[in-house]
Structures are given as structure tokens and as C-alpha cells.
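This report is meant for a reader who is meeting the structure for the first time. It is best read with the sequence and the model side by side.

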Amino acid sequence: MKFDRKIFFCHIPKTAGTSLRLSLEQAVGDAAVVPSQALISHHGGRYPPLHEALQELQEKPDYRLFRGHYGFWVRRYLPTDTLTIAVLRDPLERVLSHIRHFLADGRITEADAFESLDQGRLPIPDNSICRYLGGTPIKAVGQELSDRFLASRIDPIDDHDSLFKRAVSTGRSVDIMGFTDEMPDLYEKISQETGLPLTMRQDNPSRYPALSLSDRQLDTVRRHNQLDLQLYEAMRAERNSNKLTRLLKRTGLYRT
């Protein structure tokens with residue numbers, strides 16, 4: 001049977017998502033992707049503001065893939081049967097990669113980054129995984145929508161407990177959840193579900209050398225990303241439990 005559902009890839013930054021994004025784009029064809037490469041190029045190679053991506057979405061109803069650094073709640077703008085995909089990465093590794101990305105782009109200096117960590121502050125937003133998965137829908141239009149979404153990614157978190165609970169609930173609702181250290185399994189699962197011929201690739205490597213952090217600096221990273229650490233462990237434990245259940249069912253040992 002032909003796969004005719006649309007796909008939404010919630011691309012959480014620094015989770016090896018660029019490689020998957022490019023593989024999906026290659027599989028469906030550039031003409032079927034939103035935001036288009038032309039719109040991305042117009043914004044210097046970065047995903048465009050959310051309101052511009054949604055505008056293009058309306059202008060291109062025959063799209064097959066919608067992807068970007070947009071909160072999972074954006075699925076409210078998509079057909080209800082859209083196949084959703086997300087990738088999680090060990091939060092400490094993700095944060096260090098994100099810091100290196102900021103350093104490579106010149107947004108911060110290494111001296112400033114280390115000084116922030118030494119003083120118990122993060123030089124980048126905290127708990128980004130929970131923010132992307134657990135963020136609430138924003139009721140706004142146009143530039144205000146994009147501005148408020150951007151603020152939701154960097155402003156202090158008002159209610160940690162609520163954000164975490166929403167992120168867990170959302171994580172459970174994702175059709176295909178993958179992990180950066182198990183990308184071949186993710187590619188295989190997407191291909192089986194969609195019939196798309198995905199090719200494993202390695203793109204967007206860090207342009208900044210690995211960082212050597214002190215124990216104190218690593219402790220700062222951990223303390224400021226407790227929600228992401230808890231979410232990651234919860235999602236991995238749930239995935240492992242589901243895999244065990246499927247195995248027991250195949251062997252006839254499963255009992256309800």
C-alpha cells in the first residue's frame with residue numbers, strides 16, 4: 001500500500017537531526033519539502049521564522065515533509081494523520097554540542113562560555129529537549145507568533161513540573177522516536193513505516209574542537225538540564241520496555 005501520509009520531523013537542535021533531515025529531503029524530493037530550500041537560503045541557511053514556514057505550508061498543500069526547529073505543538077497546523085518523528089540525544093552531549101555550535105558561529109567566545117559555567121550559568125538555553133516537546137501552543141499570528149515561539153525557547157521556565165509532564169506525554173505520542181546513538185535503527189523504522197529509501201549519511205559535523213570541561217563546569221550543565229536528563233531516561237526506559245514486550249509477544253511468552 002502506498003504511503004500517502006504527510007511527515008513532520010520535529011528537529012530538536014544538535015541531535016544529529018541534520019543528517020536525517022537531508023535523508024528525508026532526498027527521499028521525498030526538494031519540491032515536496034516545507035520550508036523550501038529557497039526560503040531557508042533567504043534566511044542565510046537557517047530555518048525561517050515559524051510564521052513564514054507556516055505561510056509556505058498553506059501555499060503548498062501538496063507537500064510531503066514539514067521539518068524544522070519548531071516545537072512539537074506545531075502539529076496542530078498539520079493534518080491529524082501526519083506521521084511525527086523526533087530524535088533525542090543524551091542531554092549532556094547535546095548541550096556540549098550546542099555550546100560548540102555557538103562557539104563556531106561566533107555567538108560566544110570560549111572564555112565567556114567557560115566563565116559562565118564556572119559561575120554556575122549556562123551560555124545557552126536550558127532543557128531544550130523539554131522545551132521543544134513540552135511547549136504549549138502559542139495563540140498568535142505573523143511575526144508575533146515567531147517572536148513568542150523564540151522567547152519560549154530561551155526565557156526562564158515558569159513551571160518545571162508542568163513542562164516535564166507535557167514533554168513526557170508528547171514523547172509518548174510521537175509516532176517514531178529515535179535516539180542519536182541508534183540512528184541505523186531509526187532509519188530502518190522510518191523506511192519500514194513509509195517505504196522511503198533512506199540513505200544513512202553524516203552531515204553538519206561540529207566546526208569547533210571538542211571541549212574539555214572541569215567537573216564543576218559539567219555539574220553546571222547537569223544542574224541546569226535536569227528536566228532533559230529525566231525525560232531522556234524516561235523515554236529510553238519506555239522504549240526498552242516496549243521492545244521487551246514486542247520480543248515476548250513474538251516468542252509467545254507475553255502474558256497480560
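What follows describes the sheet, then two helix contacts, and finally the cysteines.

**The sheet**

The model is predicted, and a good place to begin is its open sheet of five strands, which pair in parallel fashion in the order β2-β3-β1-β4-β5. The edges of this sheet are formed by β2 (33-34) and β5 (176-179), each of which pairs on one side only. Packed on the sheet is helix α1 (residues 17-28), which touches β1, β2, β3 and β4 (83-88), and whose direction makes about 160° with that of β3.

Strand β1 (residues 7-10) pairs with strand β3 (residues 65-68) in the parallel sense, over four bridges, and β1 is also joined to β4 by four bridges, again running parallel. Residue F8 takes part in both pairings: its bridge partner in β3 is F66, while its bridge partner in β4 is T84. Strand β4 pairs in turn with β5, in the parallel sense and over four bridges; here A86 has M177 as its bridge partner in β5, and V87 stands opposite G178 of that strand.

How many residues of β4 are buried? Six of the six are, so this strand is largely enclosed by the rest of the structure. Both of its faces are covered, with L83, I85 and V87 buried on one side and T84, A86 and L88 buried on the other. Although β5 is an edge strand, both of its faces are covered as well, since I176 and G178 on one side and M177 and F179 on the other are all buried.

**Two helix contacts**

Two packed helices are described by the angle between their axes and the distance between the axes. The table gives these values for two pairs in the model.

| Helix pair | Axes come within | Crossing angle |
|---|---|---|
| α3 (residues 50-59) and α7 (residues 142-154) | 7 Å | roughly 130° |
| α5 (residues 110-118) and α10 (residues 215-223) | 8 Å | roughly 75° |

With axes that cross at roughly 130°, α3 and α7 are therefore oblique to each other. In this contact, L50, H51 and L54 of α3 meet G142, Q143, L145, S146 and F149 of α7. The residues involved divide into four nonpolar, four polar and no charged.

For the other pair the axes cross at roughly 75°, and α5 and α10 are therefore roughly perpendicular to each other. Their contact is made by F114, L117 and D118 of α5 together with R216, Q217, T220 and V221 of α10. By class, it has three nonpolar, two polar and two charged residues.

**The cysteines**

How many disulfides does the model contain? The count comes to zero, on the rule that the two sulfur atoms of a disulfide lie within 2.5 Å. The sulfur of C10 has its closest cysteine sulfur in C130, at 12 Å, which is too far for a bond. Seen from the other residue, the sulfur of C130 is likewise 12 Å from its closest cysteine sulfur, that of C10. C10 is buried, with a relative accessible area of 0%, and C130 is also buried, with a relative accessible area of 0%.

How values were computed:
Residues are numbered from 1 along each chain as its sequence is written. This is a predicted model: local features need pLDDT of at least 70, side-chain atom pairs count only at pLDDT 80 or more; totals for chains, interfaces and linings use all residues. Side-chain values use heavy atoms; hydrogens and water are left out. Axes are lines fitted to C-alpha atoms, for helices over the stretch in contact, and angles run from 0 to 180 degrees between N-to-C directions. Helices (H or I, at least four residues) and strands (E, at least two) are DSSP runs, numbered from the N terminus. Angles under 35 degrees count as roughly parallel, over 145 as roughly antiparallel, 65 to 115 as roughly perpendicular and the rest as oblique. Contact means heavy atoms within 4.5 Å. Ala, Val, Leu, Ile, Met, Phe, Trp, Tyr, Cys and Pro count as nonpolar, Asp, Glu, Lys and Arg as charged, and the others, Gly among them, as polar. Buried means under 20% relative accessible area, exposed over 50%, partly exposed in between (1.4 Å probe, protein chains only). Two strands pair if DSSP finds at least two bridges between them.
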